[in-house]
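Biologist: I'd like to learn how to read a structure like this one, feature by feature. Can you walk me through it?

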Amino acid sequence: MAVMRNTLAQLAGDRRFVIVSTVVPVVVIYLLSVFWDALNTPLVEQSRFAVPAGAFIVHFVTYVLTAIVLVRERVAGTMERMFISGYRPGEIVAGYLGAYTLLATLQSIVILLVLTLLFDLGLGLGGTLEVYVVMWLMAVVSLALGMLVSNFARNEGQVFPFVPLVMMPPVFLSGMIVAIDALPTWAQTVSWAVPLRYAVDVIHEITDGGGLADAWAPLIMLPALAMVILFLAARTLREEV
């Protein structure tokens with residue numbers, strides 16, 4: 001709780017970071033709507049296109065910003081002071097997760113609201129809330145990934161080589177663009193380790209008229225993967241830069 005309070009205080013003082021983390025997704029979604037209008041295809045329902053894209057935007061922005069900010073705090077000596085104060089790696093990771101989850105909650109609400117305004121999702125209140133649950137879980141997974149990657153970077157610049165490595169495979173291996181069954185066998189096998197795959201599976205179930213109860217298997221994989229990644233983040237967290 002102490003780490004969480006300190007992190008929230010830092011976030012409150014870094015208004016630029018909070019603004020960027022909420023405004024950038026809005027701009028990207030607006031450009032996405034412009035692209036969709038220009039494409040003008042009736043063959044694909046807007047919800048099957050827009051909602052998975054929104055989940056990916058949550059995934060991308062949350063991961064990148066979390067990794068950069070945590071590396072910046074390590075370079076500034078914040079992490080070192082926590083270790084000196086006696087905090088254990090698991091406590092530090094849990095505190096950061098709790099603080100940044102609040103920001104991810106706001107971010108998910110904003111993204112889903114903008115998607116609803118710019119696209120004809122046709123989900124209704126129940127479907128929209130279920131999509132929000134998926135996006136929120138995807139944000140938590142992204143936070144965990146950001147924490148893990150930040151442990152291997154010595155400065156903010158070293159985060160960027162990890163961006164295509166972590167972000168591009170999900171685009172092709174999640175079923176967002178091409179059905180997973182159409183991929184080669186090796187790619188289908190690798191896709192089981194891609195968190196976005198499970199988010200897209202659940203979202204497609206919702207947009208096809210189902211619900212979370214109908215997609216419980218991929219749904220539980222999101223918190224399960226988050227726990228695995230957080231465990232790895234705690235195990236690889238180090239004091240020195």
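**Reading the fold, from the whole chain to single residues**

Modeller: Sure, and keep in mind that this is a predicted model. The protein chain has 10 helices and 0 strands. Going from the N terminus, the order is simply α-α-α-α-α-α-α-α-α-α.

Biologist: How compact is the chain for its 241 residues?

Modeller: You compare the radius of gyration with what the globule rule gives. Here the radius of gyration is 18 Å, close to the 18 Å from the rule for 241 residues, so the chain is as compact as a globular protein of that length. Along the principal axes, the C-alpha atoms fill a box of roughly 60 × 40 × 35 Å.

Biologist: And what share of the contacts joins residues at least 24 apart?

Modeller: Take the contacts between residues at least 6 apart in sequence: 79% of them join residues at least 24 apart.

Biologist: Now the inside and the outside. What percentage of the residues is buried?

Modeller: Buried residues account for 49% of the 241. As for the outside, the accessible surface is about 11,700 Å², and carbon and sulfur atoms own 68% of that.

Biologist: What should I look for in the interior?

Modeller: The general idea is that nonpolar side chains tend to be buried together in soluble globular proteins. In this model the largest nonpolar core has 77 residues, and Y100, F119 and V134 touch the most other members. Pick V134 to see what that looks like: leaving out neighbours within four places in sequence, V134 contacts A199, V202, I203, I206, L212, L219 and L222.

Biologist: Could you show me single residues too? Is L145 buried or exposed?

Modeller: L145 is buried, because its relative accessible area is 14% and the cut-off for buried is under 20%. L145 sits in helix α6, residues 124–150. Beyond four places in sequence, L145 touches H59, Y63, V166 and I229. A233 is 88 residues away from L145 along the chain, yet their C-alpha atoms are 8.0 Å apart.

Biologist: What about T66, which isn't on the usual nonpolar list: buried or exposed?

Modeller: T66 counts as buried, since its relative accessibility is 2%. You'll find T66 in helix α3, which covers residues 46–75. Skipping residues up to four places away, its contacts are L143, G146 and M147.

Biologist: Give me a contrasting case. Where does A193 lie?

Modeller: A193 lies in the loop between α8 (185–191) and α9. With a relative accessible area of 58%, A193 is exposed. L143 and A193 are 50 residues apart along the chain, with 16 Å between their C-alpha atoms.

Biologist: Next, charges. How many salt bridges does a search of the whole structure find?

Modeller: The idea first: side chains of opposite charge can pair when their charged atoms come close. The search turns up 1 salt bridge. R197 pairs with D201, and the closest N and O atoms are 3.7 Å apart, which means the pair passes the cut-off of within 4 Å.

Biologist: Which helix holds R197 and D201?

Modeller: Both are in helix α9, residues 195–207, and they are 4 residues apart, about one turn of the helix. Their surroundings are worth a look: R197 counts as buried at 10% relative accessibility, whereas D201 is partly exposed at 29%.

Biologist: Last one. Which residues form the nonpolar patch on the surface?

Modeller: The patch is made of I19, V23, V27, Y30, L31, V34, L113, L117 and L118, with about 850 Å² of accessible area together. The elements that give two or more residues to the patch are α2 (15–39) and α5 (89–118). Helix α2 supplies the largest share, 6 residues.

Biologist: Can we zoom in on a patch member? How accessible is V23?

Modeller: V23, found in helix α2, has 41% relative accessibility and so counts as partly exposed. That is enough for the patch, because members need over 30% relative accessible area. V23 and I111 are 88 residues apart in sequence, and their C-alpha atoms are 9.4 Å apart in space.

Note on methods. Residues are numbered from 1 along each chain as its sequence is written. This is a predicted model: local features need pLDDT of at least 70, side-chain atom pairs count only at pLDDT 80 or more; totals for chains, interfaces and linings use all residues. Side-chain values use heavy atoms; hydrogens and water are left out. Patches are made of residues with over 30% relative accessible area and no salt bridge: like charges are joined within 9 Å, nonpolar side chains (Val, Leu, Ile, Met, Phe, Trp, Tyr) within 5 Å. Accessible areas come from the Shrake-Rupley method with a 1.4 Å probe; for residues, only the protein chains shown count as cover. A salt bridge is a side-chain nitrogen of Lys or Arg within 4 Å of a carboxyl oxygen of Asp or Glu. Buried means under 20% relative accessible area, exposed over 50%, partly exposed in between (1.4 Å probe, protein chains only). The radius of gyration is taken over C-alpha atoms; the globule rule is 2.2 Å times the number of residues to the power 0.38. Contact means heavy atoms within 4.5 Å. A nonpolar core is a set of buried Ala, Val, Leu, Ile, Met, Phe, Trp, Tyr and Cys residues joined through side-chain atoms within 4.5 Å.
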